[in-house]
Structure formats: C-alpha cells, structure tokens
Amino acid sequence: MPASRTKPNYVKMREESDLSLEVVILLILGVFMFLFGILLFRIHTGELPYNPDSTYGLFLVIVAFQIVTMGKTPFGDLRRSWLLVIVGICAAILGMVACFIPGTLSWLVRVLVGVLLFAGGISLILQLFFSKEKARLWMKVPGVLRHLTIACGLVYAITIISGLITLFPGITTDPQTGIVLLAYGISFFYLSWCIYKVSGVYPEEPVELKKESRNRFKFLQEASISLSLAVLIMVGVLITILGFLLFPVNLGILPFSPDGQLGLLLVIMAIQMMTLGETPMGQYKRSWLMIVLGIVFAAMGIFSCTVPGILTGMVQILLGVLNILGGGILLLKRFIPILQGLKDPPGEPVPLPPIAKKLAITQTVLNVVSIAFGLSMLTPGLIPAMIVPVILIINGVLLFVLGYILQEITRIEESSDQSSAHPG
C-alpha cells in the first residue's frame with residue numbers, strides 16, 4: 001500500500017511544472033519574509049548575527065528581477081520599455097553592491113527599500129480598490145477571484161506596514177516586526193496560490209502584437225527581450241559587478257561580505273532553476289522536483305544573506321562543486337561527439353554557420369571559466385587573489401556576448417520563418 005502511494009507522488013514530482021515567473025518570484029518573496037521573520041526572533045536575543053545591508057540588498061535585487069523580466073514595479077505594472085529595464089538594472093546594481101560591500105550603502109538602501117514598500121503599497125492598494133478591472137470586478141465573481149482580492153489586499157496592507165517599520169525602525173520591537181514578517185510571508189504564499197489558480201481557471205488569451213507608433217526615443221520603446229535573455233543579463237551584471245569590486249576588496253580598500261555574495265548567487269541560481277530549468281550542470285525539465293530544489297537553494301541563500309558566518313563553508317563548497325561539475329559535464333557533452341566524429345568521420349562534413357561557431361566558442365570558454373571559478377571557491381589559495389576578479393569579469397562579459405548571440409539566432413530563425421511563410 002505505501003509503495004502504491006509513493007510511486008504516483010514520485011511521478012508527479014518529475015512532471016513539468018506550470019508555475020509562471022510571477023508565481024516563482026512571489027514564492028521566493030514569501031520564503032524571504034517568512035524565514036526573515038523566524039530568524040528575527042533569534043537575532044533579537046543575540047543568538048544569531050545579522051547583516052542588514054545584505055538583507056535589504058537581496059530584496060532590491062529580487063524587485064529588480066520583477067522589473068527587468070516582467071515590467072512589474074513596486075508601484076504597479078508598467079510597459080517594459082528599455083528605460084524601465086535600465087532602471088531595474090540600476091536597482092539591481094545598488095542591491096548587489098549592498099550585498100557585497102557592507103557598511104557603504106546602509107542608510108541609502110534601507111531608506112530606498114522603505115520608500116518602495118510604503119509608497120508602493122499605497123499605490124497598489126489604491127489601484128486594487130479604485131480600478132474597474134480589479135477588486136470591483138473580481139468580487140462579483142465567486143471563487144478564486146475573491147480569494148485573489150483578499151490576498152492582494154493583505155499583501156498590500158502589510159507592505160505599507162513593513163515600509164513604515166523599515167523607515168522608522170523604532171516604532172516596533174524586533175518580535176513585533178518578526179510577527180509582521182511572518183504574516184507577510186504567509187500572505188505572499190496565499191497570493192502566489194491565488195495567481196496560480198487564476199491562471200488555470202482564466203488562461204490568458206494570446207495577444208496579437210500591435211504595431212506601435214515609433215517613439216523618437218528608443219529608451220521608451222518596448223524592450224523585446226525574452227525571459228531567458230533578461231535573466232542572462234541580470235546574471236551577467238551580477239558577475240561583472242562582483243569582479244570589479246573584488247579588485248579594491250583584495251587590496252584592502254573595501255570591506256567584503258562573502259555571505260552576501262554566496263547568498264545572492266544561490267538565490268539567482270534558484271530563480272534560474274525555477275523559471276527556466278537552468279542549472280550550473282545544464283538545462284533540465286522544469287519539474288516540480290526542480291521547483292522544490294530551487295526553493296531550498298533560495299532559502300539557503302536568504303539565510304546566508306541575513307545571518308552571516310553560519311552557512312559560509314557549506315554554500316562555498318556547494319557552489320564550487322556545482323560550477324566544476326557543470327563546466328566539466330558540459331565540456332564533455334560538447335567534445336565527445338566531436339571525438340566520435342574524428343574516429344568515424346562522415347562522408348562530407350557539414351560546415352557550421354558563423355553564428356553557430358561563435359556560440360560554440362563562447363559556451364566552451366564559459367565552461368572553462370566556470371571550472372576556474374569553482375576551483376577558486378573550493379581552494380581559495382590555488383588561484384591568485386587578483387586573478388579571480390579577472391575570471392569573473394571575463395565570465396560576465398561572455399554572458400553578455402552569449403545573450404547577444406542568442407538574440408541574433410532568434411532573429412535569424414524569425415526571418416527564415418517569415419520568408420518560408422511568404423515564399424512569393
């Protein structure tokens with residue numbers, strides 16, 4: 001009897017998940033707030049250390065992910081123009097610097113997060129109740145839309161309270177703030193469940209692309225970038241900023257938070273796993289098992305950013321092993337077919353297009369750099385300290401190059417599809 005129950009559960013875990021990016025981000029925010037609330041009780045008693053800069057910085061990076069990938073801001077949904085994407089990247093850079101370099105942006109990041117929460121919460125709750133397309137309409141329909149109205153109201157109300165607490169820390173005690181954060185986390189879980197159910201009951205109809213009036217300013221035009229490319233840009237920014245900051249860090253000019261670095265890397269890896277199925281060891285089916293692993297990685301990253309010095313060694317080893325294995329496995333997958341082709345060459349080799357050659361070279365160098373970064377994680381003294389930031393900058397630049405190549409391949413495929421659809 002137990003075996004018959006276990007098998008269906010195991011099969012279900014291997015099935016493709018249908019969680020949208022919005023639901024994934026809400027789940028991660030729920031984990032963030034709920035875990036932070038639990039930890040705050042022990043931080044208050046002095047049992048655990050606390051890194052506010054990395055905590056606020058991580059929150060900013062998650063908000064930036066929403067802006068860049070979906071056009072969702074703390075003040076509501078906006079058209080994802082290039083200007084909005086740039087604003088999101090700037091917010092991400094600010095959050096990353098706060099995670100990596102403690103003490104330099106403490107006041108600025110705290111106030112910025114407080115303003116975003118307080119003003120954003122007010123803006124969202126006003127839109128919820130005064131827009132004809134939201135609460136007024138949703139409450140007329142029994143079922144999940146009423147739950148969605150309640151969940152949105154809860155999240156927005158607690159967002160306003162959290163903003164006030166962030167701007168004026170003395171208005172509550174740590175235990176009271178912890179209770180607010182626990183409620184905040186639960187409300188995010190509730191909202192993510194509601195949006196997941198709504199997307200199943202009311203699936204979005206495909207929207208035909210409209211020919212927009214050409215704006216003189218390119219920054220105000222729609223940013224036509226895919227989800228995978230938007231995530232790739234964010235990872236590239238993260239790695240490049242980290243590389244440049246490590247130069248003054250290694251010279252002793254700036255302080256550094258290894259826990260903030262490792263935690264942020266884990267959370268971004270979790271987002272990639274949950275939204276795209278991408279891991280350091282390659283791309284896999286976005287199964288429910290992958291979602292669970294992503295949530296575990298996100299929780300470890302959030303813990304590392306909030307509470308320094310406890311998971312440092314474990315996370316460092318985990319990231320090092322994943323980068324080495326991932327780089328090695330992907331290199332083997334790429335070169336084994338080539339070696340087999342040399343042993344048993346085909347009659348006439350088919351030459352690769354130039355863009356395919358660029359892609360293969362870029363991916364190969366990225367795999368080598370990934371192995372080098374993993375080695376620097378596992379054996380800090382093996383690679384000289386001033387070489388590590390060079391490796392990271394090369395990695396970041398190559399990610400931008402990879403994004404450009406993938407965008408070019410997409411354009412070539414689209415143009416070939418259009419030409420085949422209209423041969424005359």
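How many helices and strands does the chain have? The chain has 14 helices and four strands. The model described here is predicted.

**The chain overall**

Of the 424 residues in the chain, 47% count as buried. The accessible surface of the chain comes to about 22200 Å², and carbon and sulfur atoms hold 69% of that surface. Among contacts with a separation of 6 or more, 80% are made by residues 24 or more positions apart.

**Helix 5 and its nonpolar patch**

Helix 5 covers residues 106-130. Phe 129 lies in this helix. With a relative accessible area of 42%, Phe 129 is partly exposed, because partly exposed refers to values between 20% and 50%. Phe 129 also belongs to a nonpolar surface patch of about 390 Å². The other members of the patch are Ile 122, Leu 126 and Phe 130. In an α-helix there are 3.6 residues a turn, so residues three or four places apart point the same way.

Ile 125 is another residue of helix 5. Its contacts, apart from neighbours within four places in sequence, are Gly 153, Tyr 156, Ala 157 and Ile 160. Ile 125 and Ala 135 are 10 residues apart in sequence, and their C-alpha atoms are 9.9 Å apart in space.

**Thr 149 in helix 7**

Helix 7 runs over residues 144-167 and includes Thr 149. Is Thr 149 buried or exposed? Thr 149 is buried, because its relative accessible area is 5% and the cut-off for buried is under 20%. A polar atom of the Thr 149 side chain lies 3.0 Å from the backbone oxygen of Leu 145. Leaving aside neighbours within four places in sequence, Thr 149 is in contact with Leu 128, Ala 135, Trp 138 and Met 139.

The two residues with a stated accessible area are set out below.

| Residue | Helix | Relative accessible area | Class |
|---|---|---|---|
| Phe 129 | helix 5 (residues 106-130) | 42% | partly exposed |
| Thr 149 | helix 7 (residues 144-167) | 5% | buried |

**Helix 13**

Helix 13 takes in residues 354-378, which is 25 residues. From its first C-alpha to its last, helix 13 reaches 37 Å. This is close to the 36 Å expected at 1.5 Å a residue. Which residues of helix 13 are buried? They are Leu 359, Thr 362, Thr 364, Leu 366, Asn 367, Val 369, Ser 370, Ala 372, Phe 373, Gly 374, Ser 376 and Met 377.

Definitions and conventions: Residues are numbered from 1 along each chain as its sequence is written. This is a predicted model: local features need pLDDT of at least 70, side-chain atom pairs count only at pLDDT 80 or more; totals for chains, interfaces and linings use all residues. Side-chain values use heavy atoms; hydrogens and water are left out. Patches are made of residues with over 30% relative accessible area and no salt bridge: like charges are joined within 9 Å, nonpolar side chains (Val, Leu, Ile, Met, Phe, Trp, Tyr) within 5 Å. Accessible areas come from the Shrake-Rupley method with a 1.4 Å probe; for residues, only the protein chains shown count as cover. A salt bridge is a side-chain nitrogen of Lys or Arg within 4 Å of a carboxyl oxygen of Asp or Glu. Helices (H or I, at least four residues) and strands (E, at least two) are DSSP runs, numbered from the N terminus. Buried means under 20% relative accessible area, exposed over 50%, partly exposed in between (1.4 Å probe, protein chains only). A polar contact is a pair of N or O atoms within 3.5 Å; within protein, one must be able to donate a hydrogen and the other to accept it, and residues adjacent in sequence count only if both atoms are side-chain atoms. Contact means heavy atoms within 4.5 Å. The expected span of a helix is 1.5 Å times one less than its number of residues.
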